[in-house]
Number of protein chains: 2
Amino acid sequence: MTALEALEAPLLRFEEALSELVQSDVLFLRLIHQDLVTAGGKRIRPRLVFLASRALGGAPFELELALAVELLHSATLLHDDLIDDAETRRGKEAAFRRYGNAVSVLSGDFLLSRLLHTLARTGRMELVERFAQVAKTLSEGEVLQFQVAALEDYSLANYERIITAKTAVLMELCTEGPALLRREAPEVRAALARFGLLYGQAFQMRDDYLDLMGTPEALGKPVGGDVREGKATLITLLLMERFPEVREVLRRRGREPGDLEWLRQLARESGVAQEVEARIRERAWQAVEALEPLPQTPYKEALKALALKEAERLA
Amino acid sequence: MTALEALEAPLLRFEEALSELVQSDVLFLRLIHQDLVTAGGKRIRPRLVFLASRALGGAPFELELALAVELLHSATLLHDDLIDDAETRRGKEAAFRRYGNAVSVLSGDFLLSRLLHTLARTGRMELVERFAQVAKTLSEGEVLQFQVAALEDYSLANYERIITAKTAVLMELCTEGPALLRREAPEVRAALARFGLLYGQAFQMRDDYLDLMGTPEALGKPVGGDVREGKATLITLLLMERFPEVREVLRRRGREPGDLEWLRQLARESGVAQEVEARIRERAWQAVEALEPLPQTPYKEALKALALKEAERLA
């Protein structure tokens with residue numbers, strides 16, 4: 001059995017447990033959760049949990065950990081992606097959509113309450129405290145991202161802090177969690193934590209790269225979403241250092257015709273796109289190297305493969 | 001020293017601890033929390049905690065419990081009161097306000113992460129589980145309120161469920177919590193839980209009554225907010241039973257000139273306003289009676305007085 005085949009059973013149990021956890025007798029909650037939670041997602045975070053757990057020979061409460069990280073992730077999605085209320089009202093949406101933002105936010109809170117319940121079920125207070133740290137960092141990172149866009153406070157340091165806070169620390173908990181639950185030796189726990197953190201950074205760097213340089217077909221959405229929200233990513237930051245006009249494009253949220261195509265072309269022709277790809281590859285390899293202290297298993301190899309995929313992922 | 005004087009010291013410690021808990025090096029979070037958390041509120045929930053704790057002779061972790069209930073309450077305020085994004089953008093608001101809803105919601109999440117940290121500090125898993133239940137019920141109640149307004153699914157049963165879920169269960173935890181932390185006998189814990197629940201219902205009934213029947217001067221805001229959001233409360237529900245036109249007023253969100261004044265007058269002249277006041281008084285007295293099993297102390301009397309105030313509160 002390969003490592004990926006071995007994940008099928010726990011992922012199936014995960015889907016069943018998740019569906020059960022988000023049950024409610026309130027209709028609108030059922031509708032939202034059908035839509036946004038139970039219907040989808042690549043379950044990257046639960047996969048990380050199960051692989052890390054198995055790389056150690058299995059951890060107690062791995063299912064609860066997988067549920068908890070996915071609940072926190074899903075709640076964050078419901079909370080940071082608010083849509084324009086006026087736009088929603090104009091559309092012909094289902095009733096629960098017309099009450100859109102407030103109901104989405106509250107349904108994210110419902111998920112957080114189920115996260116609390118799931119953590120309580122483990123009886124492990126140090127896990128509760130780790131989730132408290134991660135949730136704090138995560139919300140700070142999300143707010144910082146808005147703040148940086150509002151104040152045009154663009155810097156590589158802010159970029160690193162944002163991708164670490166809003167993505168990498170949760171992935172760090174995914175892979176560190178099983179070691180914590182097994183009460184592993186500090187060096188094993190640190191190795192898995194470091195892998196998750198570096199993998200998470202590479203993952204977000206890749207997402208940000210594709211947001212500008214990907215194809216709408218592969219992404220299933222228009223490119224340039226970050227530019228339109230005034231969010232500087234590694235690629236626009238490196239471009240800005242060499243071409244000051246890029247700051248102006250970001251300031252006007254890429255609204256002029258041709259702005260996005262100009263950025264894409266500039267990135268390719270200046271070599272900045274290749275530079276960003278190289279940095280992602282480097283981060284992914286650092287993640288791979290972090291796993292050194294772990295015993296050789298197919299699960300360790302699967303974690304490595306997951307990280308290296310970030311060097312080439314197209315969607 | 002009276003019971004209220006005895007609260008001064010713990011409430012002061014509470015304010016200090018709260019300010020410290022919501023510290024962040026992210027500017028926008030500091031601005032929002034200055035505005036909405038540290039600057040205000042009547043601290044009704046922490047008061048309930050301290051009074052209930054003292055009525056039992058003092059409970060371990062009473063400060064943590066007071067912080068936790070207030071953090072949950074404040075996060076809910078930040079999450080259920082989303083404003084129209086378009087309106088915000090037109091106004092001349094501070095930068096963090098222009099990023100209004102998303103930043104407010106995420107800053108509520110920051111508070112929830114501090115709640116998790118505070119709960120972890122107590123080391124008491126049964127408290128974590130009780131918060132999980134309350135948070136679940138709370139978010140379900142908030143969503144149900146939107147759903148009932150959207151589907152015009154008005155009934156007294158739905159009203160009771162909404163006020164219980166969105167207000168009373170948290171107040172129940174405020175007064176039950178100290179008994180839980182002290183590991184009191186079940187009848188003492190049940191008595192305090194019942195008091196908090198009934199008090200919370202009376203409190204929300206009073207708030208809803210004042211929303212229509214209060215004066216803008218005392219309330220510091222225009223009356224009729226609930227009608228404008230299509231939310232039926234006890235007073236409009238009882239009116240609807242006798243005057244079917246009231247449903248129409250609610251459906252059009254009280255938008256016609258004179259709608260609100262007509263409702264107010266109808267409530268007074270039909271005796272429905274007096275009927276609602278009588279029901280609030282009854283609920284407050286039930287809360288008082290629930291305290292019977294507790295020993296006679298000034299703190300028990302202070303809790304009773306708090307409940308009876310709901311029969312006459314004007315703001």
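What follows is a chat between a trainee and a mentor about a predicted model of two chains, A and B.

Trainee: Before anything else, what are the mean pLDDT of chain A and the ipTM and pTM of the model?
Mentor: This is a predicted model, and the mean pLDDT of chain A is 92, with 93% of its residues reaching 70 or more. Over residues 88-92 of chain A, however, the pLDDT is below 50, and that stretch has six contacts in the model beyond near neighbours in sequence. For the model as a whole the scores are ipTM 0.92 and pTM 0.93.

Trainee: OK, and how many helices and strands are there in chain A?
Mentor: Chain A has 17 helices and zero strands. Its radius of gyration is 20 Å, close to the 20 Å that the globule rule gives for 315 residues, so chain A is as compact as a globular protein of that length. Along the principal axes, the C-alpha trace of chain A spans about 55 × 50 × 35 Å.

Trainee: What share of chain A is buried, and what share of its contacts comes from residues 24 or more positions apart?
Mentor: Buried residues make up 51% of the 315 residues in chain A. Of the contacts in chain A with a separation of 6 or more, 73% are between residues 24 or more positions apart.

Trainee: Can you give me a residue to look at? Where is A:Leu170 found, say?
Mentor: A:Leu170 is found in helix H9 of chain A, which covers residues 156-182.

Trainee: Is A:Leu170 buried or exposed, and why?
Mentor: A:Leu170 counts as buried because it has 25 C-beta neighbours inside 10 Å, where the cut-off for burial is 20 or more. Leaving out residues up to four places away in sequence, A:Leu170 touches A:Arg45, A:Val69, A:Leu72, A:His73, A:Val134 and A:Leu138. With A:Val69, the C-alpha to C-alpha distance is 7.1 Å, although the two residues are 101 residues apart in sequence.

Trainee: Switching to the interface, how many residues of chain B are in contact with chain A?
Mentor: There are 45 residues of chain B in contact with 45 residues of chain A. On the chain B side, helices H2 (27-38), H4 (62-80), H5 (85-90), H7 (100-122) and H8 (125-151) each supply at least two residues, and the largest share, 16 residues, comes from H8(B). By class, that side of chain B has 27 nonpolar, nine polar and nine charged residues.

Trainee: And what rotation superposes chain B on chain A?
Mentor: A rotation of 180° with 0.0 Å of shift along its axis superposes chain B on chain A, at an RMSD of 0.0 Å. The two copies are thus related as by a two-fold rotation axis. The same surface serves both copies, in that 100% of the contact residues of chain B recur in chain A.

Trainee: Backbone angles next: which residue follows H15(A), and what is its phi?
Mentor: H15(A) is followed by A:Gly271, whose phi is positive, near 85°. The helix itself, residues 259-270, has 12 residues and reaches 16 Å from its first C-alpha to its last, close to the 16 Å expected at 1.5 Å a residue.

Trainee: Where are B:Arg43 and B:Arg253, and what is phi there?
Mentor: B:Arg43 is found in the loop between H2 and helix H3 (44-55) of chain B, and its phi is near 55°, a positive value in a residue other than glycine. B:Arg253 is found in the loop between helix H14 (245-251) and helix H15 (259-270) of chain B, and phi of B:Arg253 is also positive, near 55°. Most residues other than glycine have a negative phi.

Trainee: How many C-beta neighbours does B:Arg43 have inside 10 Å, and how many does B:Arg253 have?
Mentor: B:Arg43 has 18 C-beta neighbours inside 10 Å and therefore counts as partly exposed, and B:Arg253, with 15, counts as partly exposed.

How values were computed:
Residues are numbered from 1 along each chain as its sequence is written. Chains are lettered from A and ligands numbered from 1 in the order in which they are written. This is a predicted model: local features need pLDDT of at least 70, side-chain atom pairs count only at pLDDT 80 or more; totals for chains, interfaces and linings use all residues. Helices (H or I, at least four residues) and strands (E, at least two) are DSSP runs, numbered from the N terminus. The radius of gyration is taken over C-alpha atoms; the globule rule is 2.2 Å times the number of residues to the power 0.38. A residue is buried if 20 or more other C-beta atoms lie within 10 Å of its own, exposed if 12 or fewer, and partly exposed in between; C-beta atoms are placed from the backbone. Two residues are in contact if their C-beta atoms, placed from the backbone, lie within 7 Å. Ala, Val, Leu, Ile, Met, Phe, Trp, Tyr, Cys and Pro count as nonpolar, Asp, Glu, Lys and Arg as charged, and the others, Gly among them, as polar. Copies are superposed by least squares on the C-alpha atoms of residues with pLDDT of at least 70 in both. The expected span of a helix is 1.5 Å times one less than its number of residues. pLDDT is the predictor's confidence in each residue, from 0 to 100.
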